[in-house]
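Work through these exercises with the model open. Try each task before reading its solution.

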Amino acid sequence: MHTPQARLETVRRIATEVTGPAAVAVDHDARFPRESFAALKEARLLSACVPTVLGGAGATIGELATMCETLSQKCASTGMIFAMHQIQVACLTRHGADTAFFRSYLGEVVAQQRLIASVTSEAGVGGSVRTSISPIMRDGACCSLKKDGTVVSYGEAADDLLITVRRSAEAAAGDQALVLVRKNQCALEQTGSWDTFGMRGTSSPGYIVTASFPEEQIVPAPFAEILQRTMVPFAHILWGAGWLGIASDAVARARAFVRGVARQMPGTTPPQAIRLSEVAATLQLMRAQLQSFTRRYDELIARADGGSAELSSVGFGIEMNNLKISSSRLVAEIVTAAMRVCGMSGYRNDGPFSLTRQLRDAHSAALMIGNDRIHASNATLHLVYKDDLSS
Ligand SMILES: Cc1cc2nc3c(=O)[nH]c(=O)nc-3n(C[C@H](O)[C@H](O)[C@H](O)COP(=O)(O)OP(=O)(O)OC[C@H]3O[C@@H](n4cnc5c(N)ncnc54)[C@H](O)[C@@H]3O)c2cc1C
């Protein structure tokens, strides 16, 4: 699988042959989509974004986005887990690969197809990613942490965890570090269940994570920098791609439904076709915004200086937040509209036009880092933002 086309073909095959057939059971049982991840590991796609010099495929963010969209068209939980894992790998690749430990670890991700989960949310801070309570504690060369993570997707199935913490017991809540902890270095105490409305297959209960690890497992770059340059742009693009997968699946079902109606009344255009046209236009808008931002980010990080000045700019921050706000809003809007096109056939839980799982999954988008939190952050940025036209 040396070309992006070959990799995408493989993802399409896995989505059709494995992910789609398992989707109803994964949702019903709120269980990890193990068969899809066995297939993705076998195809060596968990290391898709590891650079080729370290043995990975060196996939671009655009390629990863298409993979997330493809998987999410069949099962949004599978697409979201794939996205979350790639975000973790990208953070290590872009901010850790200068150290011997992380280069060697990324080699293990390639060889063993290790799955990495994320522990940023914490009891007491909610979804405020830029705040941590739990610190790194030091005893000579040995470090340890204890974090009450409130939502840890695929925590049980993951091989390793990437955890945000305060840099030390004396550090302020915003002076954070990112730590990689292997499962065999930690104890996980599950603190709740995961019986949710949607995204049930992400299997995301809370855990109290207690871990001991050497200093070298702390990612050297400050977390604020990792967040701004990689974690947020990767998350907003790959989450958005997953939501685009849900939305495009919904529109495809609505289109198939309207065609079926048209076949029963030859020579006329069914009344639902107007609403189909409307929702297809909204889908195009959602896709265009995602593609344009993805291209821009890809170009910036490909520059010799890594686009660092622009990635840290107020304008880029606002744009990146806007992508998340609008794609999370549009996915729910599009699936709702598609359900109305299909009527009762969309509202029922079974049948080829059912959109109930898609609608439940779509509503998680506004909560994955609450949109009001993102609006609050943008509100502050707008106070100092000068766009090209006003300067
Ligand atoms: C499917 C799914 C998977 C997830 N997986 C993970 C994972 O793997 N790892 C992980 O760490 N987390 C994960 N999360 C958690 C997630 O990203 C958020 O951190 C978490 O959902 C926030 O929890 P909350 O909504 O209860 O709290 P809060 O973020 O505190 O929000 C509660 C409410 O208060 C509002 N609010 C809070 N602060 C402000 C503010 N400053 N201004 C305006 N309004 C505000 C919010 O908009 C919201 O209405 C996942 C979430 C989902 C839905």
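**Exercise 1. The ligand shell**

From which domains does the shell around the ligand draw at least three residues each?

Solution. This is a predicted model, so read every step below as a statement about a prediction.

Step 1. Start with the division of the chain: domain 1 covers 4-115, domain 2 covers 118-217 and domain 3 covers 223-382.

Step 2. Assign the shell to these domains. Domain 2 and domain 3 each contribute at least three residues to the shell around the ligand.

Step 3. Count the shell. The ligand is surrounded by 23 residues, and the closest are Gly126, Gly127, Ser153, Gly370 and Asp372. Strand 1 and helix 12 (371-382) are the elements that give two or more residues to this shell.

Step 4. Sort the shell by class. It has 10 nonpolar, 11 polar and 2 charged residues.

**Exercise 2. The sheet**

Determine the strand order of the sheet, then the direction of each pairing.

Solution. Step 1. Take strand 1 (residues 116-119) with strand 4. They run parallel and are joined by 4 bridges. Within this pair, Leu161 of strand 4 has Ala117 opposite.

Step 2. Take strand 4 with strand 5 (residues 176-182). Here 7 bridges join two strands that run antiparallel. Val165 has Ala177 in strand 5 as its bridge partner. Asp160 is bridged to Arg182, also in strand 5.

Step 3. Combine the pairs. The order is 1-4-5, an open sheet of 3 strands with mixed pairing. Strand 1 and strand 5 are at the edges with a single partner strand each, so each has one side without a neighbour in the sheet. From one strand to the next, the twist averages 25°.

**Exercise 3. Strand 4**

Is strand 4 largely enclosed or not, and why?

Solution. Step 1. Split strand 4 by side-chain direction. Asp160, Leu162, Thr164 and Arg166 point one way, while Leu161, Ile163 and Val165 point the other way.

Step 2. Check burial on both sides. All of these residues are buried.

Step 3. Conclude. Because 7 of the 7 residues of strand 4 (residues 160-166) are buried, the strand is largely enclosed by the rest of the structure.

**Exercise 4. Domain 1 against domain 2**

Describe the contact, then the side that domain 1 brings to it.

Solution. Step 1. Place the domains. Over C-alpha atoms, the centres of domain 1 and domain 2 are 21 Å apart.

Step 2. Count the contact. Domain 1 gives 21 residues and domain 2 gives 20 residues.

Step 3. Find the elements. On the side of domain 1 that touches domain 2, helix 1 (4-29), helix 4 (76-96) and helix 5 (100-112) each supply at least two residues. Helix 4 has the largest share, 9 residues.

Step 4. Classify that side of domain 1. The split is 14 nonpolar, 4 polar and 3 charged.

**Exercise 5. A helix pair**

At what angle do the axes of helix 3 and helix 7 cross?

Solution. Step 1. Recall the description: two packed helices are characterised by the angle and the distance between their axes.

Step 2. Apply it. The axes of helix 3 (residues 61-74) and helix 7 (residues 272-302) cross at roughly 145° and come within 9 Å.

Step 3. Identify the contact. Ile61, Gly62 and Ala65 of helix 3 meet Thr294, Tyr297 and Asp298 of helix 7. By class, this contact has 3 nonpolar, 2 polar and 1 charged.

Definitions and conventions
Residues numbered from 1 in each chain as written. Predicted model: local features only at pLDDT ≥ 70, side-chain atom pairs only at ≥ 80, totals over all residues. Buried ≥ 20, exposed ≤ 12 C-beta atoms within 10 Å, placed from the backbone. Pairing = 2+ DSSP bridges. Axes fitted to C-alpha atoms, helices over the stretch in contact; angles between N-to-C directions. Near = placed C-beta within 6 Å. Nonpolar A, V, L, I, M, F, W, Y, C, P; charged D, E, K, R; others polar. Domains from an automatic or database assignment. Contact = placed C-beta atoms within 7 Å.
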